[in-house]
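Reader: I would like a close look at one part of this model, followed outwards into whatever surrounds it. Please state the cut-offs behind each term as you go, since I will want to compare them with my own.

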Amino acid sequence: MNELHFTVLGPSGCGKTTLLACMNEYFGRVMSGSFEAGDTEIFKRLSDAYTRLKDKADDNGHEIIFSGGIEGTDAEKQYPFTLKGSRRNIALRFFDFPGGWIDPRDPEKSIHFKRVSETAQSSKVIIAVINSPYLMQYDGKYRNYAGIDETEYIIENSLTPDGGDKLILLVPVKCEKYLTNGKYAELLRGAVKKYFTRTISLAGNQSPYYGKLAVAILPVKTMGNVQLRRFEVRDGEPVLTFGTTGSVFRPEDTDQPLRYALSFLLGQYMKRRSGFTAALDWVFGGGNLDKIIASIREGMRENFRGSEIIAGRELLGFPPREGV
Ligand SMILES: Nc1nc2c(ncn2[C@@H]2O[C@H](COP(=O)(O)OP(=O)(O)OP(=O)(O)O)[C@@H](O)[C@H]2O)c(=O)[nH]1
Ligand SMILES: [Mg+2]
């Protein structure tokens, strides 16, 4: 099988690179033995970005207004890495684009949009990063700032009836405020379902992609201690202000999107082999893979704050539900 691709989608500043940096940090720390960066320079830039973000968010013992963090992405960035087995390796590659590339106002729209769309087509996994306050504040009035139309358009056009299985992860970020409380977390989940209806219906039983598409909502706290303070409208434009809560930088659930993605991808490998054990043997020469898979799947959580598997639970490698 060729290299497996992941595309991260979302408008400028929504938090794509931050999410990648947090996922990278988590896996580098927890599972470094199983991963190998294909381009150490570019991964180093990602981990430096993480360090800057952390330093900035940690920089105080009391509440401050938080601004900046990491730099906007100025060109297409690719993050190749290998999942190492003892007999074979799986090559993976993340694509991170400047969010402006999917903005309808982009002067080079056709070239950029085409590039993002093509990458989404060849990707087994698409991660749509959602700037949550736009969905939640003012009853979703400013939701077009979350780039829903562009994101859903790319997702829809990335599918072809004979294109095989695909995983779409809807990942709300900048949602620390909403995840502090169960009721808000439910509202967030509801808002994502309400506004991403096109994507969700692609996985429904009336769709040609039914059974081939896994869709999950996985909110993450990429910063943990930085929360939405104010959502103001100035000259018709929404202006968001974030502040630290005074506690330390503490990302939460940032491993979940990568666990879901890897579990899905490993499932795809297995589907092509005659059975589970044969597939494990083929990729990792036995033993070793069991450990990697187990550690990826062990930490996968379902129905945590604001999350939901909308479709394709079996494609994600969860064991069947008890009593079903
Ligand atoms: N509070 C909070 N802030 C976040 C979160 N994710 C990102 N941010 C902030 O948003 C800023 C922009 O995030 P980026 O990751 O650069 O956004 P991007 O989507 O890569 O933007 P482009 O590269 O311009 O397309 C960061 O510097 C962080 O300060 C989050 O989950 N919570
Ligand atoms: Mg970026």
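Author: The buried residues of helix α5, which spans residues 148–157, are Ile148, Glu150, Thr151, Glu152, Ile154 and Ile155. Buried means that 20 or more other C-beta atoms lie within 10 Å of the residue's own, exposed that 12 or fewer do, and partly exposed that the count falls in between, with C-beta atoms placed from the backbone. Helices (H or I, at least four residues) and strands (E, at least two) are DSSP runs, numbered from the N terminus. The model is a predicted one, in which local features need pLDDT of at least 70 and side-chain atom pairs count only at pLDDT 80 or more, while totals for chains, interfaces and linings use all residues. Residues are numbered from 1 along each chain as its sequence is written, and chains are lettered from A and ligands numbered from 1 in the order in which they are written.

The buried residues of α5 pack against three strands, β1 (4–9), β6 (125–131) and β7 (166–173), and against three helices, α3 (109–122), α7 (182–195) and α8 (197–202). A contact here requires that the C-beta atoms of two residues, placed from the backbone, lie within 7 Å.

The strands that α5 meets belong to an open sheet of 8 strands with mixed pairing, in the order β2-β4-β5-β1-β6-β7-β8-β11. At its edges stand β2 (35–37) and β11 (308–311), each with a single partner strand, so one side of each is left without a neighbour in the sheet. From one strand to the next the twist averages 20 degrees. Strands count as paired if DSSP finds at least two bridges between them. In general, strands of a sheet pair through backbone hydrogen bonds, either parallel or antiparallel.

An antiparallel pair is formed by β4 (residues 77–84) and β5 (residues 89–96), joined by 8 bridges, and within it Leu83 stands opposite Ile90 of β5. Helix α1 (residues 16–30) lies across β1, β2, β4, β5, β6 and β7 and runs at about 150 degrees to β5. Helix α5 also packs on the sheet, touching β1, β6 and β7, and its direction makes about 170 degrees with that of β6. These angles run from 0 to 180 degrees between N-to-C directions, the axes being lines fitted to C-alpha atoms, for helices over the stretch in contact.

Strand β1, one of the partners of α5, has 6 of its 6 residues buried, so it is largely enclosed by the rest of the structure. Leu4, Phe6 and Val8 point one way from this strand, while His5, Thr7 and Leu9 point the other way. Strand β1 runs parallel to β5, with 5 bridges, and parallel to β6, with 4 bridges. Threonine 7 has bridge partners in both of these strands, namely Phe95 in β5 and Ile126 in β6.

Next to Ile126 in the sequence comes Ile127, which, not counting residues up to four places away in sequence, touches Phe6, Val8, Leu9, Leu169, Val171 and Pro257. Ile127 is also among the residues with the most contacts inside the largest nonpolar core, a group of 80 residues, together with Ala128, Val129, Leu169, Val171 and Ala261. The helix that gives the most to this core is α9 (residues 255–272), with 7 residues. A nonpolar core is a set of buried Ala, Val, Leu, Ile, Met, Phe, Trp, Tyr and Cys residues joined through C-beta atoms within 7 Å.

Among the helices that α5 packs against is α7, where Leu187 has its place. Leu187 is partly exposed, with 15 other C-beta atoms within 10 Å. Not counting residues up to four places away in sequence, it touches Met136 and Tyr178. Leu187 and Met136 lie 51 residues apart in sequence and 7.9 Å apart in space, C-alpha to C-alpha.

The loop between α4 (133–136) and α5 holds Asp139, which has a positive phi of about 55 degrees although it is not a glycine. Most residues other than glycine have a negative phi. Asp139 counts as exposed because it has 9 C-beta neighbours inside 10 Å.

For the wider setting, the protein chain has 11 helices and 11 strands, and buried residues make up 43% of its 324 residues.
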